[in-house]
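Colleague: Before we discuss this model, I should like to see it together with its sequence. I shall then ask for the grounds of each description.

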Amino acid sequence: MTTATKNARTEKDEGLNERLAHSGLRLTPQRRHVHEILQQKMDHPTADQVFLRAKDSMPEISMATVYNCLDALVKCDMVKQVNMDRGATRYCCNMRPHSHFYCDDCGSVYDILQTIEPADANFKIPRGFKMQSIETNIHGKCSECSAKAKKN
Ligand SMILES: [Zn+2]
Ligand SMILES: [Zn+2]
């Protein structure tokens, strides 16, 4: 490990540690590992998929521990739960404001960066309500599936 990557990792750990501590939780090797798994491939895996990936480099980790890690990371705002109409909960570690694009053909979920600020959005919010954030779901076909649809 070079000094640069070591420093990057230490900095990241400090952020994660601080967030967890804020929620009264500890940074364990398992929690760090699960967070790394989510960052490695930001394809919104389900808990089952996270478990399979986590086991690759940490064979002793159990499904229950993975659930516990995901719970802890969600609680301290390092990971978001993404719920689709059908299917299992997925996990997303992109904490910048974004929406999700769901491909109705292959089921993939993509992050779409959001540029609408709540103040600029033209929503009919009832009087007395205060909008804090916007999260929209976009449905359609991803580039691969649209290309396939054209061929057929
Ligand atoms: Zn697709
Ligand atoms: Zn996302």
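Modeller: This is a predicted model. Strand β3 is joined to β5 by four bridges, and the two run parallel.

Colleague: What makes β3 and β5 a pair of strands?

Modeller: Two strands pair if there are at least two bridges between them. Four bridges join β3 to β5, so the criterion is met. One of the partnerships is that of Cys103 with Gly140 in β5.

Colleague: How do you know that β3 also pairs with β4?

Modeller: Five bridges join β3, residues 98–103, to β4, against a requirement of at least two, and therefore these strands pair as well. Here the strands run antiparallel. Phe101 has Tyr110 as its bridge partner in β4, and His100 stands opposite Asp111 in β4. The hairpin of β3 and β4 has five residues between the strands, and Gly107 takes a positive phi near 80° in this hairpin.

Colleague: Why is the pairing in the sheet called mixed?

Modeller: The three strands form an open sheet in the order β4-β3-β5, with mixed pairing. The run of β3 with β4 is antiparallel, whereas that of β3 with β5 is parallel.

Colleague: What makes β4 and β5 the edge strands?

Modeller: Both β4 (109–113) and β5 (137–140) pair on one side only. On average, neighbouring strands of this sheet are turned by 30° against each other, direction ignored.

Colleague: Let us turn to the helices. Why is α2 called roughly perpendicular to α3?

Modeller: Helix α2 (residues 29–40) and helix α3 (residues 47–57) pack at an angle of about 110°, their axes being 10 Å apart. Angles of 65 to 115 degrees count as roughly perpendicular, and therefore α2 is described in that way relative to α3. The crossing of α2 and α3 is right-handed.

Colleague: Which residues make the contact between α2 and α3?

Modeller: On α2 they are His33, Val34, Ile37 and Leu38, and on α3 they are Val50, Arg53 and Ala54. The residues of this contact divide into five nonpolar, one polar and one charged.

Colleague: How is the protein divided into domains, and what is known of the contact between them?

Modeller: Domain 1 covers 3–82 and domain 2 covers 96–151. Four residues of domain 1 are in contact with four residues of domain 2. On the side of domain 1 that touches domain 2, the residues comprise two nonpolar, one polar and one charged. The C-alpha centres of the two domains lie 25 Å apart.

Methods: Residues numbered from 1 in each chain as written. Chains lettered and ligands numbered in written order. Predicted model: local features only at pLDDT ≥ 70, side-chain atom pairs only at ≥ 80, totals over all residues. Domains from an automatic or database assignment. Contact = placed C-beta atoms within 7 Å. Nonpolar A, V, L, I, M, F, W, Y, C, P; charged D, E, K, R; others polar. Axes fitted to C-alpha atoms, helices over the stretch in contact; angles between N-to-C directions. Parallel < 35°, antiparallel > 145°, perpendicular 65-115°, else oblique. Left-handed = near helix turned anticlockwise from the far one by under 90°.
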